[in-house]
Amino acid sequence: MDLKVKIKLQKVFTHIVLIIASVLFIVPFIWMVSTSLKPLKQVMSFPPEWLPNPFQWSNYLDAIEYIPFFTYLNNTVVITLFSTLGVVLTCPLVAYSFAKLEWKGRNVLFFITIAVMMIPGQVTMIPLFLIFNKIGWVGSPLPLIVPAFFGVPFYIFLLRQFFLGLPDMLRDAAKIDGASEFRIYWQIMLPLAKPAVLAVGLFQFMASWTDFIGPLLYLTDETQYTLSLGLQQFQTQMGTEWGLMMAVSTMMTVPMIILFFFLQKTFIQGITFSGIK
């Protein structure tokens with residue numbers, strides 16, 4: 001078989017696989033949007049109907065009125081933005097020190113960081129709750145924000161791999177010109193690591209935006225609830241208000257899709273180059 005034909009067949013096969021995979025991923029989202037526009041009777045119909053008949057746009061207005069939507073939205077935005085800010089400020093700094101600076105105990109501390117990354121969150125859930133309860137943070141959003149300012153092991157590892165791929169000659173040249181270590185990091189290395197930092201920020205944004213366990217553990221006042229906790233309120237003794245729940249779920253999902261749409265190129269660069277030295 002001719003080499004060009006073989007390459008074309010491989011590309012066609014790859015595209016077919018990707019199209020099938022994309023369809024499998026997008027079907028749940030389409031079903032969610034479809035359900036958000038259906039009357040309750042049609043949601044429960046069998047066989048399932050994909051197209052709402054009629055389109056019940058009032059589900060979105062009813063959902064906003066059913067729960068204090070904008071209060072929950074404001075709480076979610078505040079927690080998400082501050083936790084993302086904490087990760088973006090601290091993780092690159094720690095990762096840079098692991099990758100480029102020579103200091104005593106660096107390898108041991110990095111090994112501990114990797115070990116912490118391998119511990120399941122369920123193992124540390126109770127000890128962390130006891131600590132935050134002891135210092136009086138339970139019942140406030142602080143346990144969902146402050147830990148991000150102390151670094152996240154996975155993000156530190158990801159950024160460290162990116163910094164390792166940056167040439168040392170840039171740092172050496174800046175040192176010769178008299179630049180301090182922090183200036184080298186802030187003005188030279190950090191701008192070059194922008195794709196990886198944005199990728200980490202996007203990871204944290206999605207994790208915080210959709211977090212359910214954290215708010216469930218630490219938020220006790222309903223006025224501090226996030227949207228993920230607000231979804232639980234659509235489950236009543238008479239059943240689940242599926243149309244209203246899917247309407248809020250759609251409104252929660254759309255901002256992440258828009259954010260990824262505008263940052264997808266930078267996001268993919270950050271993930272791709274993090275493993276290339």
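How many nonpolar, polar and charged residues does the lining of the largest pocket have? By class, 25 are nonpolar, 12 are polar and 1 is charged. The model is predicted. This briefing covers its pockets, its nonpolar cores and one buried serine, Ser208.

**Largest pocket**

- The largest pocket holds about 1300 Å³ of space.
- Its lining counts 38 residues, and those closest to the pocket centre are Gly121, Thr124, Leu128, Pro147 and Val152.
- Two or more lining residues come from each of α4, α5, α6 (121-134), α7 (142-145), α8, α11 and α12 (213-218).
- Helix α6 gives the largest share of this lining, with 6 residues.

**Second largest pocket**

- About 330 Å³ of space lies in the second largest pocket.
- Its lining is made up of Ser22, Phe25, Ile26, Phe29, Thr253, Ile257, Phe260 and Gln264.
- The elements that supply two or more of these residues are α1 (3-36) and α14 (242-273).
- By class, this lining has 5 nonpolar and 3 polar residues, with no charged residue.

**Nonpolar cores**

- The largest nonpolar core has 27 residues. Tyr96, Leu159 and Phe163 touch the most other members.
- At least two residues of this core come from each of α4 (69-100), α5 (106-117), α8 (153-164), α10 (181-192) and α11 (194-209).
- Another core, of 25 residues, lies apart from the largest one. Among its members are Phe132, Leu231, Met245 and Met252.
- Which residues does Phe163 touch, not counting those up to four places away in sequence? They are Pro92, Ala95, Tyr96, Ala99, Lys100, Tyr185, Met189 and Ala193.

**Ser208**

- Ser208 sits in helix α11.
- Is Ser208 buried or exposed? Ser208 counts as buried because its relative accessible area is 13%, and the cut-off for buried is under 20%.
- The side chains of Ser208 and Ser83 make a polar contact of 3.2 Å.
- Beyond its neighbours within four places in sequence, Ser208 is in contact with Ile79, Thr80 and Ser83.

**Elements that recur**

- Helix α11 gives at least two residues to the largest nonpolar core, gives two or more to the lining of the largest pocket, and holds Ser208.
- Helices α4, α5 and α8 also serve both the core and the lining of the largest pocket.

Definitions and conventions
Residues numbered from 1 in each chain as written. Predicted model: local features only at pLDDT ≥ 70, side-chain atom pairs only at ≥ 80, totals over all residues. Heavy atoms only, no water. Core = buried A, V, L, I, M, F, W, Y, C linked by side-chain atoms within 4.5 Å. Buried < 20%, exposed > 50% of the residue type's maximum accessible area, 1.4 Å probe, protein only. Helix = DSSP H or I, 4+ residues; strand = E, 2+ residues; numbered from the N terminus. Contact = heavy atoms within 4.5 Å. 1 Å grid on protein atoms, 1.4 Å probe; cavity = no way out; pocket = protein on both sides within 12 Å on 5 of 7 lines; lining within 4 Å. Points joined across faces, edges and corners; volume = space filled by probe spheres on them. Nonpolar A, V, L, I, M, F, W, Y, C, P; charged D, E, K, R; others polar. Polar contact = N/O pair within 3.5 Å; in protein donor to acceptor, adjacent residues only side chain to side chain.
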